[in-house]
Amino acid sequence: MFGVAIASSSPAVAARCAHARAGSGAVATQNITDPSLGPSILEALGRGASAQSALDQALSATPFGAYRQLLVVAREGAPLVHSGAHALGIVASAIGADAACAGNLLARADVPAAMMAAFGAASGHLGACLLQALRAGADRGGEAGPIHSAGLLIVRELSWPVVDLRVDWSDHDPLGALSAIWDIYAPQIDDYVRRALNPAAAPSFAVPGDL
């Protein structure tokens, strides 16, 4: 599985910034966001490019790389983070064996390190681990401004995301709201996959009107 968990003071952050493709990897397109860079990097990874090569290709194709913050996790090789010289505010990142954390406009420079430590200590489903990391970053100070949106995107061996959960705007703890949605959705992930692959063998919906 590959996934992205992200939060921001701006609306609908995951719609612009979270990208992942089964078999290829995950990309976050942050700071002054260009959403087109995510699919571009994933396409290169899908063609067999290394994470470094895919990142270099994307940056060479844009005149505004200095304004972008990009995170790339691929099937093979170490994760990468690019933070351009014009990234905003306090900018920091942390890289682990299988994950990368980064932010801009941060309240503290050690926010990504707190996220990485939480991810490394977490267990269970990737979604739960990513959300624990996101909460750890927020607890360490998160973004300097108030968080209003958050999202979680996960892919595995299928052509569609098995998890694509978003809180596009909230004045009241969007991370808590996202975690609550996850708690509802997580036990049903495999049921929704079975319904897509073979509805005749899938469990019932157990909702009013479902006979």
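User: Over which ring does the charged end of Arg195 sit?

Analyst: In this predicted model, the charged end of Arg195 sits over the ring of Phe205, 3.9 Å from the ring centre. Arg195 also lies over the face of Tyr192, where the distance to the ring centre is 5.0 Å.

User: How many aromatic pairs does a search of the whole structure find, and how should they be read?

Analyst: Two aromatic pairs are found in the whole structure. The angle between the ring planes is what sets the class of a pair, with under 30 degrees counted as stacked and over 60 as edge-to-face. Phe64 and Tyr67 are edge-to-face, with 6.3 Å from centre to centre and 65° between the planes. Phe64 has 45% relative accessibility and therefore counts as partly exposed; Tyr67, at 35%, is likewise partly exposed. The other pair, Tyr185 and Tyr192, is stacked, with centres 5.6 Å apart and planes at 10°. Tyr185 is partly exposed, with a relative accessible area of 22%, and Tyr192 is partly exposed at 35%.

User: Which residues touch the most other members of the largest nonpolar core?

Analyst: That core holds 30 residues, and Leu152, Val163 and Leu178 touch the most other members. Several elements give two or more residues to this core, among them strands S6 (92–95), S8 (149–155) and S9 (163–167), and helices H4 (111–121), H5 (126–139), H6 (174–185) and H7 (189–197). The most is given by H5, with six residues. Apart from this core lies another, of 16 residues, including Ala18, Ala26, Val73 and Val155.

User: What is Leu178 in contact with, leaving aside its neighbours within four places in sequence?

Analyst: Leu178 is in contact with Leu131, Leu134, Ala150, Gly151, Leu152, Leu165, Arg166 and Val167.

User: Which residues of S9 lie on its covered face, and which on its uncovered one?

Analyst: The general idea is that side chains in a regular strand alternate between the two faces of the sheet. In S9, Val163, Leu165 and Val167 form the covered face, while Asp164 and Arg166 form the uncovered one. Asp164 has 43% relative accessibility, so Asp164 counts as partly exposed. Arg166, with 37%, is also classed as partly exposed. These two side chains meet in a salt bridge, with 3.7 Å from N to O.

User: In what sense do S8 and S9 pair, and over how many bridges?

Analyst: S8 and S9 pair in the antiparallel sense, over five bridges. As one example, Ala150 has Val167 in S9 as its bridge partner.

User: How many salt bridges are found in the whole structure?

Analyst: As a general idea, side chains of opposite charge can pair when their charged atoms come close. The search of the whole structure finds nine salt bridges. In one of these, the side chains of Asp173 and Arg135 meet at 3.0 Å, N to O. This pair links distant parts of the chain, since Asp173 is in the loop between S9 and H6 and Arg135 is in helix H5, 38 residues apart. Asp173 is partly exposed, with a relative accessible area of 42%, and Arg135 counts as partly exposed at 30%.

User: Which residues are linked in a network of salt bridges?

Analyst: The network links Arg108, Asp110 and Arg140. Within it, Arg108 forms a salt bridge with Asp110, and their closest N and O atoms are 3.0 Å apart. Arg108 is partly exposed, at a relative accessible area of 36%; Asp110 is partly exposed as well, at 24%.

User: How should a positive phi be read, and what is the phi of Asn31?

Analyst: Most residues other than glycine have a negative phi. Asn31 has a phi near 65°, a positive value in a residue other than glycine. Asn31 is found in strand S3 (residues 25–31). Its relative accessible area is 14%, so Asn31 is buried, the cut-off for buried being under 20%. Leu105 also has a positive phi, near 55°. Leu105 lies in the loop between strand S7 (100–103) and H4, and Leu105 is partly exposed, with a relative accessible area of 34%.

User: In which helix is Ser53 found, and how far apart are Ser53 and Ile41 in space?

Analyst: Ser53 is found in helix H3 (residues 51–60). Ser53 and Ile41 are 12 residues apart in sequence, and their C-alpha atoms are 9.1 Å apart in space. Ser53 is partly exposed, with a relative accessible area of 30%.

Technical notes
Residues numbered from 1 in each chain as written. Predicted model: local features only at pLDDT ≥ 70, side-chain atom pairs only at ≥ 80, totals over all residues. Heavy atoms only, no water. Core = buried A, V, L, I, M, F, W, Y, C linked by side-chain atoms within 4.5 Å. Buried < 20%, exposed > 50% of the residue type's maximum accessible area, 1.4 Å probe, protein only. Helix = DSSP H or I, 4+ residues; strand = E, 2+ residues; numbered from the N terminus. Contact = heavy atoms within 4.5 Å. Phe/Tyr/Trp six-rings, centres within 6.5 Å; stacked < 30°, edge-to-face > 60°. Lys NZ or Arg CZ within 6 Å of the ring centre and 35° of its normal. Pairing = 2+ DSSP bridges. Salt bridge = Lys/Arg side-chain N within 4 Å of Asp/Glu carboxyl O.
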